[in-house]
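Okay, everyone, thanks for squeezing me in. Have a look at this while I talk you through a few spots in it.

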Amino acid sequence: MVRGGLFSASRAGWLAALAIAVVAPLVVRSPAYQNLLVVTGVNVMLVASLDLLIGQSGLLSLGHAAFWGIGAYTSALLSLRAGVPFVVAMLGAIVAAALCGVVIGYPSLRLRGHYFVLVTFIFGIIVTLLLTSLVTVTRGPMGLPGIPFATVPRLWGPPLVLNTFQNKAGYYYLVLGGVVLTLWLRGRVVKSRMGRALVAIREDEDLGRTVGIGTHGYKVGVFALSTGIAGLAGSLYAHYTTFLAPEIFDFVASFDLFVMNLVGGAGTAAGPVVGPVLLTVIRDLLRAVHPVLAGILFGMFLIAAIAFLPEGLVGRWQKVLASWRRGAKDPRGSFVRTGRESVAWDAHGGEVFGATREVGKRPAAGQGVKGSAFADGQTALLEWGETPVLAVEGLTRNFGGFRAVSNLSFEVFAGEIVGLVGPNGAGKTTTFNLITGFLRPTAGRVWFKGQDVTGMPPHELARRGLVRTFQQTRVFGRLTVMDNLRLGVHRHEPGGLRRGLLGLNVEEEAALERRVQEVLEFTGLWHQRDRRAEELPYGEQRMLGIAVALAVEPEVLLLDEPLAGMNPAEADATMALVCRVRERGVTVVLIDHHMETLMRYCDRLIVLHHGEKLAEGCPADVRANPEVVRVYLGDEAVLAR
Amino acid sequence: MIEHAAVRPVEGGEPVALLALEGVTVYYGRVRALQGLTLRVSPGEVVALLGGNGAGKSTTLRTVSGLVRPASGRILFRGEDLTRLGPAAVVRLGIAHCPEGRKLFPEMSVLENLELGAYVRRGRLDEDLKQVFELFPVLRERRHQLAGSLSGGEQQMLAIGRALMARPSLLLLDEPTMGLAPAMVFEVARAIRELNARGTTVLLVEQNVQVALRLADRGYVLENGRVVAEGGAEALARDERVRRAYLGA
């Protein structure tokens with residue numbers, strides 16, 4: 001959905017590539033070149049499956065060849081020792097490799113950062129060691145000869161059609177079938193709901209969790225899929241070469257696959273074909289010249305790719321095409337949409353800020369807000385509904401010996417806008433993290449809609465309607481505004497992987513697009529829908545962060561410093577939007593330091609100090625509280641001249 | 001605290017601006033971030049850059065400090081052209097940049113962070129440390145603590161203190177009060193005023209327009225990489241257009 005638009009869009013390109021692939025063995029008749037075709041096919045399968053991890057999900061695996069090896073040895077040993085037919089051995093290879101993927105992936109994918117890379121790297125080394133040392137099973141370094149050729153049961157067709165694949169050209173078509181299957185599967189996954197979840201994981205996993213994506217499950221799932229395909233490639237390879245040795249699947253092989261993925265263009269649609277085809281052929285030519293030289297030059301390819309083509313060949317090509325099409329259009333925008341300098345001032349006051357400022361406007365009774373009674377426009381709500389929509393009770397969190405949040409209790413009622421304020425380091429963001437499941441409380445409970453949700457993971461809370469934003473501007477930067485929103489509606493998307501694979505999700509997709517458009521119009525970002533999020537001006541990026549959270553359809557929205565870095569006029573415009581969100585029945589809790597602005601828009605303020613509640617009440621009372629003035633508000637007099 | 005650089009007179013006796021930008025244009029890729037920006041800062045002033053997000057305020061500071069190369073125009077510091085100089089050379093000339101988001105070395109102590117600020121100089125640092133600690137007494141208390149363990153306000157003080165260790169005659173401050181609690185905002189503002197009173201000229205980018213205009217002598221309003229208004233701080237604070245666009249209700 002995201003990248004590779006040009007190539008995936010051009011179905012003709014794929015058909016042409018397929019036509020070339022089909023005709024290739026008829027043109028190159030030399031056995032050496034036909035051999036190269038088969039090897040290339042296997043490499044395309046491996047790189048395409050690896051790209052599901054690296055390019056699609058941002059999970060760097062340096063042990064992919066190990067899963068290829070597990071598939072190859074499983075298939076070979078099943079055929080040799082158990083005498084099962086090829087098709088059964090092949091299925092066994094897929095299952096074995098995918099199972100190993102789950103066993104390795106389940107624990108290691110919980111860890112962040114470089115651990116997954118290390119685990120896959122070490123796993124690759126262990127597999128090579130085992131294949132070498134389990135001599136009784138694998139014959140170790142002597143290698144495993146005499147693997148039977150692939151044979152499929154004859155189900156149809158005239159007796160002239162070969163059902164064994166002894167000649168290279170015939171086997172090539174079997175591998176081509178595997179390639180087509182792999183690429184088709186990959187295309188469907190990328191376009192499905194799962195594909196979107198994977199992109200979210202790649203771009204910003206925590207943000208993904210806040211929109212309701214169970215990231216760990218998706219990571220394990222895609223790892224199993226990827227390793228399963230590697231197992232299939234292993235089986236096809238084993239029954240082609242009919243001889244296996246451990247060093248075929250060692251670290252160098254994993255590394256080669258990584259290089260092919262990078263050079264082709266990780267995350268692009270055509271990259272996993274272009275990379276292996278190009279590099280397999282080049283490496284073969286180099287080997288013919290000098291085998292050691294081949295290794296050195298291959299390493300240099302990687303260095304060159306990282307230095308000059310970090311986006312890969314296909315990625316670069318798409319960039320060139322895109323900038324060529326866009327022409328010299330200046331994509332610059334402004335938070336306040338002025339455009340022409342001559343009228344800039346009027347546009348500021350009149351169109352944007354003037355029109356949207358609806359200070360203190362509250363929802364009318366019966367608009368989905370329970371039990372709220374208004375005194376007048378300026379003071380806080382005095383009577384509350386009997387059940388708070390969000391409550392924390394004795395919430396405590398220690399970091400080592402430091403108590404960041406200490407026995408904190410407060411309630412938030414439906415339809416309120418509550419400000420959480422306090423000095424830097426008072427525990428405000430920690431409180432948000434505890435409520436939304438990013439941190440586990442040391443003690444205390446969190447209640448949401450009358451249910452105890454303490455310790456529930458962020459994506460589960462998001463699904464129930466408790467959604468947060470982050471302090472720093474956090475959007476999926478490399479995705480377009482539209483695609484950011486599409487990730488936001490993830491939890492409302494009924495189409496699972498199965499429906500995605502079968503292409504049953506057309507109507508659902510259309511409904512989602514309408515919702516995306518609605519939220520973008522509501523937040524005034526519709527005109528920027530096709531821009532990449534990172535290209536937006538700062539203020540609109542912040543707005544997009546809120547829009548993504550709104551797309552999740554929260555009942556309670558927690559905003560962490562939504563006004564940071566805004567001048568008072570921009571802060572006003574943002575709070576006007578928050579008021580409109582509240583009018584739709586959403587309860588809002590926000591952290592910020594713009595006291596002047598908060599005073600005007602919040603129904604209630606809660607002041608934290610050293611992790612404890614220092615004061616709570618309507619803004620005017622809080623402001624007048626001498627303790628709050630002392631620790632938080634300070635004395636403006638120091639600025640007097 | 002820092003001795004004033006000799007101000008060279010020109011014909012007519014008017015002093016050369018400490019800093020002058022003349023028609024500076026900067027591109028980020030295809031995007032023109034600054035469009036022929038012209039401004040000047042006289043010795044001893046506090047000058048504020050105002051404007052919405054994306055107006056080019058931070059880019060202006062980054063261009064002066066050599067982090068961004070202008071496509072055209074000149075940047076003069078005491079009449080010397082520093083348009084083609086790199087960041088290290090600019091610091092050596094006496095311009096210190098205190099970037100947005102503070103950017104400390106969190107795993108180093110307060111003292112180590114301050115010492116690194118004086119990296120471009122040789123000689124003893126005792127006097128400079130004393131001056132910084134006078135300005136920010138809390139840093140003296142915490143001098144052996146890791147910078148990452150300080151509160152937001154203390155980190156901002158350390159970032160300013162570190163910049164001062166280079167003994168700059170011009171300090172570029174980018175959003176020094178961003179994300180700070182109100183009391184801390186006043187504390188940082190007080191320190192800026194004090195370091196200016198001790199002789200450091202300040203070019204300030206600040207979203208908190210009330211604070212900025214109370215600290216500054218003069219201000220420039222930027223929009224789309226151009227100066228659209230300029231004037232004395234009090235005049236700007238009274239200006240109806242500025243009020244509507246940046247001060248809110």
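**A walk through the contacts**

Let's start with Arg604(A), which is buried at 7% relative accessible area; buried means under 20%, exposed over 50%, and partly exposed in between, with a 1.4 Å probe and protein chains only. Before I go on, the ground rules: this is a predicted model, where local features need pLDDT of at least 70, side-chain atom pairs count only at pLDDT 80 or more, and totals for chains, interfaces and linings use all residues. Residues are numbered from 1 along each chain as its sequence is written, chains are lettered from A and ligands numbered from 1 in the order in which they are written, and side-chain values use heavy atoms, with hydrogens and water left out.

So who does Arg604(A) pair with? Its salt-bridge partner is Glu616(A), with the closest N and O atoms 2.6 Å apart. By salt bridge I mean a side-chain nitrogen of Lys or Arg within 4 Å of a carboxyl oxygen of Asp or Glu. Arg604(A) sits in strand S9 and Glu616(A) in strand S10 of chain A, 12 residues apart. The helix and strand names come from DSSP runs, numbered from the N terminus: helices are H or I with at least four residues, strands are E with at least two. Unlike the buried arginine, Glu616(A) is partly exposed, at 34%.

How many salt bridges are there over all chains? The search of the whole structure finds 35. One of them joins the side chains of Lys449(A) and Glu555(A), 2.7 Å from N to O. Lys449(A) is in the loop between S4 and S5, and Glu555(A) is in the loop between H22 and S7 of chain A, so this pair ties together parts that are 106 residues apart in sequence. Lys449(A) is partly exposed at 38%, and Glu555(A) is partly exposed too, at 35%.

Over in chain B, Arg142(B) and Glu154(B) meet at 2.9 Å, again N to O. The arginine is in the loop between H5 and H6, the glutamate in H6 itself, so parts 12 residues apart get tied together. Arg142(B) is partly exposed at 25%, while Glu154(B) is buried at 10%. Chain B also has a network, where salt bridges that share partners join Lys130(B), Glu134(B), Glu187(B), Arg190(B), Glu194(B) and Arg198(B).

**Helix H26 in chain A**

Back to chain A, and helix H26, residues 626–633, where Val628(A), Val631(A), Tyr632(A) and Leu633(A) are buried. Looking down the axis, the buried residues fall within an arc of 150°, so they line one face of the helix; that arc is taken from the directions from the helix axis to the C-beta atoms. On the other side, Pro626(A) and Arg630(A) are exposed.

What covers the buried residues? The cover includes S3, H24, S9, S10 and H25 of chain A, together with H7 of chain B. At the N-terminal end, Asn625(A) acts as the cap, with a side-chain oxygen 2.9 Å from the backbone nitrogen of Glu627(A). Just past the helix, Gly634(A) has a positive phi of about 70°.

**Aromatics**

Now the rings: there are 13 aromatic pairs over all chains. Rings of Phe, Tyr and Trp (its six-membered ring) pair if their centres lie within 6.5 Å; planes under 30 degrees apart count as stacked, over 60 as edge-to-face, and the rest as tilted. Tyr73(A) and Phe249(A) are edge-to-face, 6.1 Å centre to centre with 70° between the planes. Tyr73(A) is in H4 and Phe249(A) in the loop between H11 and H12 of chain A, 176 residues apart. Both rings' residues are buried, Tyr73(A) at 3% and Phe249(A) at 2%.

Then there's Phe251(A) with Phe255(A): centres 5.9 Å apart and planes at 35°, so that pair is tilted. These two lie in H12 of chain A, four residues apart, about one turn of the helix. Phe251(A) is partly exposed at 32%, and so is Phe255(A), at 26%. One more for the list: Phe67(A), Phe116(A), Phe123(A) and Phe223(A) form one aromatic cluster.

That's my tour, so over to you.

Methods. Contact = heavy atoms within 4.5 Å. Polar contact = N/O pair within 3.5 Å; in protein donor to acceptor, adjacent residues only side chain to side chain.
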